[in-house]
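Notebook open, model loaded. I want to go through the loops, the ligand site and the charged pairs, and write down what turns up.

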Amino acid sequence: MGYFRVNGPVRLAGKVKVSGSKNASLPIIAASLISLDEVVLKNVPVLLDIRTMIDILEAINFDVEFLNGIVHIKPDFNDVNTNVPYELVRKMRASFNVLGPLAARYGKARVALPGGCSIGVRPVNFHIDGLERLGFEVNIEHGFVDAKLIKPSSAKIILPKPSVGATEHLMTTAAALEGIEVIIENAAMEPEIVDLQEFLKKLGVEIEGAGTGRIMVKGGVKNKKVTHEVIPDRIEAGTYVIAIAATGGEGVVENLNSEHLNSLWEVLEKIGVILKVEKDKVYVKMEGRPKPVDINVSPYPGFPTDLQPQIMTFLTVANGTSYIKENVFQTRFLHVDELKRMGADIEITDGTAIIKGVEGLSGAPVNGTDLRATAALLIAAFIANGQSEIHHVEHIFRGYENVCEKFRKLGGNIEYIGVKEYIE
Ligand code: EPZ
């Protein structure tokens with residue numbers, strides 16, 4: 001397992017370009033399973049998770065090329081394999097979302113039940129209940145989920161929580177079922193879901209409402225040969241904005257959609273960060289110590305759980321005590337003990353992190369536990385006095401394209417010691 005060696009402190013400064021969205025690309029690649037013909041996706045980030053999803057389509061016997069951020073998918077309707085290998089689903093839970101499209105298009109499919117992960121228990125009950133409402137028979141045994149299409153059924157599905165994955169899984173599966181009419185209530189409203197809707201519309205599906213809590217789908221794929229450009233990655237963008245501000249730096253983060261990050265701009269302004277927000281870029285500058293703030297992490301358009309570890313790092317050196325309530329993944333705090341090793345003063349009670357600001361952090365060997373926690377530790381290492389080593393750093397290659405190069409360009413003193421995994 002490789003690690004990053006980082007020397008701090010540094011004031012990150014300069015320009016950084018945001019890549020395409022991982023969390024828009026993954027459901028759109030899965031939705032390509034319902035296409036009638038070739039699909040070309042542009043602005044797809046070169047990441048381990050994208051590679052895993054492409055490996056799954058190839059295991060299903062789709063022909064996929066991934067070069068220079070362009071994914072070219074050619075369905076093969078003859079010898080499709082509808083049993084998705086366990087070792088691929090184990091690597092990335094988003095692969096579970098191929099179950100519905102596969103079973104809708106080919107009558108049945110088998111996918112491994114995703115396990116938990118370091119940010120908490122990750123159930124799929126909303127997915128399974130929804131598939132049953134759409135007319136599938138779903139059985140779980142020996143760690144696998146089998147779905148069989150019995151009778152495509154129109155339905156009104158009310159999600160108990162605005163689940164991103166369940167919303168995407170069910171809208172894609174409904175899109176594949178000719179002639180049914182489906183309404184998804186309490187749907188998640190993330191920009192990635194709006195991007196998935198745009199892709200399904202290009203496939204000729206009648207679908208409306210993504211971005212609101214109510215999505216309506218009339219099943220049926222009509223168009224062939226579809227090309228789609230994926231939206232910018234709002235979480236990558238937010239990570240770099242926080243990194244520049246947290247190190248007291250100055251820079252421009254470009255090639256983003258600033259409307260996707262309104263909840264972050266609001267928090268950063270309360271902290272005292274100087275921002276000039278334009279449509280596709282943001283100028284960020286930080287002088288002096290950050291002010292403490294209270295943050296209520298919640299589903300979009302609330303403050304995103306995927307930026308909670310990163311903003312927590314920033315607040316470890318604030319001039320006072322901050323509170324972060326994590327309402328999406330209650331146990332998404334494995335980065336806290338690692339930040340405490342670097343001198344942070346944080347206590348967790350009942351899903352809330354209480355962060356008492358300290359003067360500064362000190363470099364230390366720390367452990368990355370998941371994708372966003374590792375990003376948070378990287379920011380901490382740039383703030384800290386002295387050398388840090390961030391171990392199990394492969395997590396970060398799952399979600400941050402060219403992360404070393406991008407931080408080096410901003411002045412970060414970062415070295416990766418390990419074997420770079422083949423991605424493209
Ligand atoms: C997506 O995960 C993202 N992943 C996550 O980003 C993100 O943290 C999360 O949404 C929340 O925004 C991708 O888009 C690939 P959920 P997902 O279903 O879909 C509960 C990253 O770092 N739930 O919206 O798995 C669940 O336990 C990753 O890029 C059920 O109870 O999240 C959680 O409490 C990490 N039953 C809540 O809903 C279900 O069937 C929200 O989870 C499904 C979810």
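**Entry 1: odd backbone spots**

I started with Asn61, which sits in the loop between α2 and β4 (63-67). This is a predicted model, so I keep that in mind throughout. Phi of Asn61 comes out near 85°, a positive value in a residue that is not glycine. I then asked whether Asn61 is buried or exposed. Asn61 has a relative accessible area of 30%, so I put it down as partly exposed.

Asn43 went on the same page. Its phi is also positive, near 65°, and again the residue is not a glycine. I found Asn43 in the loop between β3 (39-42) and α2 (48-59). With a relative accessible area of 24%, Asn43 is partly exposed. So α2 has a loop with one of these asparagines before it and another after it.

**Entry 2: cis peptides**

Which residues does a cis bond with omega of about 0° join? I noted Gly8 and Pro9. Pro9 belongs to the loop that runs between β1 (3-8) and β2 (13-17).

I also wrote down the bond from Tyr300 to Pro301, which is cis with omega near 10°. Pro301 is in the loop between β17 (294-297) and α10 (308-315).

**Entry 3: the ligand site**

Next I listed what surrounds the ligand. The shell has 23 residues, and Asn125, Ser163, Val164, Gly165 and Asp306 come nearest. By type, I get 10 nonpolar, six polar and seven charged residues in the shell.

Which helices supply at least two shell residues each? My list reads α1 (22-31), α5 (125-133), α6 (164-176) and α12 (371-383). The biggest share is from α5, which gives three residues.

Then I went through polar contacts. The side chain of Asn125 places a polar atom 2.7 Å from a nitrogen of the ligand. Gly165 uses a polar backbone atom, 2.7 Å from a ligand oxygen. Arg122 has a side-chain N or O atom 2.9 Å from an oxygen of the ligand. As for cover, the ligand has 830 Å² of accessible area on its own, and the protein covers 88% of that.

**Entry 4: His169**

I stayed with helix α6, since His169 is found there. At 1% relative accessibility, His169 counts as buried. What does its side chain reach at 3.0 Å? I found the backbone nitrogen of Gly100 there. Leaving aside neighbours within four places in sequence, I logged contacts of His169 with Phe96, Asn97, Leu99, Gly100, Pro101, His127 and Leu131.

**Entry 5: Gly143**

Gly143 sits in the loop between β7 (136-141) and β8 (144-149). Its relative accessibility is 36%, so I marked Gly143 as partly exposed. Beyond the neighbours within four places in sequence, Gly143 is in contact with Ala112 and Leu113. I also checked Gly115: it is 28 residues away along the chain, and its C-alpha atom is 9.0 Å from that of Gly143.

**Entry 6: salt bridges**

Side chains of opposite charge can pair when their charged atoms come close, so I searched for such pairs. How many salt bridges does the whole structure hold? The search returned 20.

I looked up Glu236 and Lys406, whose closest N and O atoms are 2.7 Å apart. This pair links distant parts of the chain: Glu236 is in helix α8 (residues 234-246) and Lys406 is in helix α14 (residues 403-409), 170 residues apart. Glu236 is buried, with a relative accessible area of 2%. Lys406 is at 11%, which still counts as buried because the cut-off is under 20%.

Two further pairs are in my notes. Glu278 and Lys276 meet in a salt bridge at 3.0 Å, N to O, and Glu278 is partly exposed at 33% relative accessibility. Glu287 pairs with Lys285, with the closest N and O atoms 3.2 Å apart. Here Glu287 is exposed, with a relative accessible area of 52%, whereas Lys285 is partly exposed at 22%. Finally, I noted a network: Lys22, Asp49 and Arg398 are joined by salt bridges that share partners.

Notes:
Residues are numbered from 1 along each chain as its sequence is written. This is a predicted model: local features need pLDDT of at least 70, side-chain atom pairs count only at pLDDT 80 or more; totals for chains, interfaces and linings use all residues. Side-chain values use heavy atoms; hydrogens and water are left out. A residue is near a molecule or strand if one of its heavy atoms lies within 4 Å of it. A polar contact is a pair of N or O atoms within 3.5 Å; within protein, one must be able to donate a hydrogen and the other to accept it, and residues adjacent in sequence count only if both atoms are side-chain atoms. Accessible areas come from the Shrake-Rupley method with a 1.4 Å probe; for residues, only the protein chains shown count as cover. Helices (H or I, at least four residues) and strands (E, at least two) are DSSP runs, numbered from the N terminus. Ala, Val, Leu, Ile, Met, Phe, Trp, Tyr, Cys and Pro count as nonpolar, Asp, Glu, Lys and Arg as charged, and the others, Gly among them, as polar. Buried means under 20% relative accessible area, exposed over 50%, partly exposed in between (1.4 Å probe, protein chains only). Contact means heavy atoms within 4.5 Å. A salt bridge is a side-chain nitrogen of Lys or Arg within 4 Å of a carboxyl oxygen of Asp or Glu.
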